[in-house]
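Q: I have a model open and would like to learn how to read its features one at a time. Could you walk me through it?

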Amino acid sequence: MNRHLLYAALDAAERGWAVLPLRPGDKRPALHGEDVCPGIGDCAGGHRKWEERATIDPGRIRRAWGDLPFNVGIATGPSGLVVVDLDMPKRKSSTDTPNGVTTFTALCERAGQTVPTTRTVRTASGGVHLYFTAPPGVRLGNTAGRLGKRIDTRAWGGYVVAPGSITPTGAYAVVSDVPPAPLPDWLCARLTGRQASRALIAPSSVRASSYAAAGLNAETASVRQAPEGERNATLLRAARALGRFIAWGDLPREQVEEALQWAGEQAGLSPRSCEATIRSGLNWSIARNQQRRAA
């Protein structure tokens with residue numbers, strides 16, 4: 001088992017893809033978190049997250065996979081990859097619920113495009129990973145459901161389980177071993193269009209005070225950059241902080257909800273989770289800030 005997984009890690013590294021160990025039989029990183037960081041080795045100068053520690057160094061890979069049957073993760077951002085993840089419906093879903101492949105095929109048809117031919121990996125649950133090379137000059141993050149139901153993407157801040165890895169539900173296996181194609185322009189546009197429109201928000205564009213606009217930009221940035229394990233709490237704090245501007249008439253609620261929704265999805269949260277957290281935080285704040293406090 002160890003040898004098989006070691007070869008899977010080395011194979012990815014030979015392709016220039018940075019790898020990280022995942023827990024044996026699992027999809028979660030095997031590396032320590034910041035709260036238990038020993039401050040030695042790679043972290044001697046301060047804690048380094050899994051994305052920073054992912055490597056293509058064969059020596060480090062041989063040492064990491066030498067003793068335990070770690071599954072293999074590919075850090076998509078450092079590897080110059082964008083992976084489109086086409087999920088299967090949950091087990092309790094209706095039998096006629098479309099899967100990610102069906103939704104993606106329909107998306108391509110509506111765009112007047114053929115389904116791209118690229119490296120394809122079957123996931124343990126029966127879903128599909130489509131590998132693409134990242135477009136030059138564009139730093140894409142993760143998305144959840146932006147392209148359609150059961151379609152996620154992984155880029156900077158994300159990773160995918162590499163073929164050869166095994167979980168209790170099955171194995172990850174290559175279906176089409178062709179080189180990753182460049183991310184199609186039309187897909188890139190769909191992933192960057194909302195990002196560009198929701199990036200920095202000028203006061204004039206939302207008829208808000210410079211203070212309110214600066215607050216909106218700062219809070220959305222904090223959500224996007226929130227570390228794993230703190231994303232939902234950060235989103236809730238941001239919604240509570242921004243609700244006062246809605247209550248005071250400085251920002252329209254729709255604009256705040258849209259900006260926070262985008263930031264939360266960029267951080268890797270699901271659309272449904274974002275919506276619930278934002279609604280709760282804004283309602284809480286608006287109820288407590290009906291009157292503007294004196295400066």
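A: Gladly! Let's begin with a term: a residue is buried when its relative accessible area is under 20%, exposed when over 50%, and partly exposed in between. One thing to keep in mind throughout is that this is a predicted model.

Q: Which residues are buried in α9?
A: In α9, the buried residues are Val256, Ala259, Leu260, Gln261, Trp262, Ala263, Gly264, Glu265, Gln266 and Ala267. The helix covers residues 253–267, and its 15 residues reach 21 Å from first C-alpha to last, close to the 21 Å expected at 1.5 Å a residue. Just after α9 comes glycine 268, with a positive phi near 110 degrees.

Q: How does the length check work for α8, and what is the distance between its end C-alpha atoms?
A: The idea is to multiply 1.5 Å by one less than the number of residues. Helix α8 (residues 231–247) has 17 residues, so it should span 24 Å; the end C-alpha atoms are 25 Å apart, which agrees. Its buried residues are Arg231, Thr234, Leu235, Ala238, Ala239, Leu242, Gly243, Phe245 and Ile246. A glycine follows here too: glycine 249 comes after α8 and has a positive phi, near 80 degrees.

Q: Let's move to the interior. How many residues are in the largest nonpolar core, and which have the most contacts inside it?
A: The general idea is that nonpolar side chains in soluble globular proteins tend to be buried together. In this model the largest such core has 30 residues, and Val19, Ile61, Trp65, Val72, Ile74 and Tyr131 have the most contacts inside it. Two or more residues each come from α1 (2–14), β1 (19–22), β2 (71–75), β3 (81–86) and β8 (159–161). Helix α1 gives the largest share, seven residues.

Q: What does tryptophan 65 touch?
A: Setting aside residues up to four places away in sequence, tryptophan 65 touches Asn2, Leu5, Leu6, Ala9, Val19, Leu20, Pro21, Phe70, Asn71 and Val72. There is also a second, separate core of 21 residues, which includes Leu216, Val223, Ala263 and Ile278.

Q: How should I read a single polar residue, say threonine 220? Is it buried or exposed?
A: Start with its place, then its accessibility, then its partners. Threonine 220 lies in helix α7 (residues 210–224). Its relative accessibility is 7%, so threonine 220 counts as buried. A polar atom of its side chain lies 3.0 Å from the backbone oxygen of asparagine 217. Beyond its neighbours within four places in sequence, threonine 220 is in contact with Ala259, Leu260 and Ala263.

Q: How many salt bridges does a search of the whole structure find?
A: Side chains of opposite charge can pair when their charged atoms come close. The search finds five salt bridges. Arginine 15 pairs with aspartate 11, with the closest N and O atoms 3.0 Å apart. Arginine 15 also forms a salt bridge with aspartate 177, at 3.6 Å between the closest N and O atoms. That second pair links distant parts of the chain: arginine 15 sits in the loop between α1 and β1, aspartate 177 in the loop between β11 (173–176) and β12 (181–182), 162 residues apart.

Q: Are the partners in these pairs exposed or partly exposed?
A: Arginine 15 is partly exposed because its relative accessibility is 34%, and aspartate 11 is partly exposed at 32%. Aspartate 177 is exposed, with a relative accessible area of 51%. Elsewhere, arginine 28 forms a salt bridge with aspartate 26, the closest N and O atoms being 3.0 Å apart. Through shared partners, salt bridges join Asp11, Arg15, Arg119 and Asp177 into one network.

Q: How many disulfides does the count come to?
A: A disulfide is a covalent bond between the sulfur atoms of two cysteines. The count here comes to zero disulfides. Cysteine 188 is buried, at 10% relative accessibility, and cysteine 274 is buried too, at 0%.

Q: One last case: where is valine 115, and what does it touch?
A: Valine 115 is in the loop between α4 (100–110) and β4 (120–122). Its relative accessibility is 39%, so valine 115 counts as partly exposed. Not counting residues up to four places away in sequence, valine 115 touches Phe104, Thr105 and Cys108. Valine 115 and threonine 105 are ten residues apart in sequence, and their C-alpha atoms are 6.3 Å apart in space.

Terms used: Residues are numbered from 1 along each chain as its sequence is written. This is a predicted model: local features need pLDDT of at least 70, side-chain atom pairs count only at pLDDT 80 or more; totals for chains, interfaces and linings use all residues. Side-chain values use heavy atoms; hydrogens and water are left out. A nonpolar core is a set of buried Ala, Val, Leu, Ile, Met, Phe, Trp, Tyr and Cys residues joined through side-chain atoms within 4.5 Å. Buried means under 20% relative accessible area, exposed over 50%, partly exposed in between (1.4 Å probe, protein chains only). Helices (H or I, at least four residues) and strands (E, at least two) are DSSP runs, numbered from the N terminus. Contact means heavy atoms within 4.5 Å. A disulfide is a pair of cysteine sulfur atoms within 2.5 Å. A polar contact is a pair of N or O atoms within 3.5 Å; within protein, one must be able to donate a hydrogen and the other to accept it, and residues adjacent in sequence count only if both atoms are side-chain atoms. A salt bridge is a side-chain nitrogen of Lys or Arg within 4 Å of a carboxyl oxygen of Asp or Glu.
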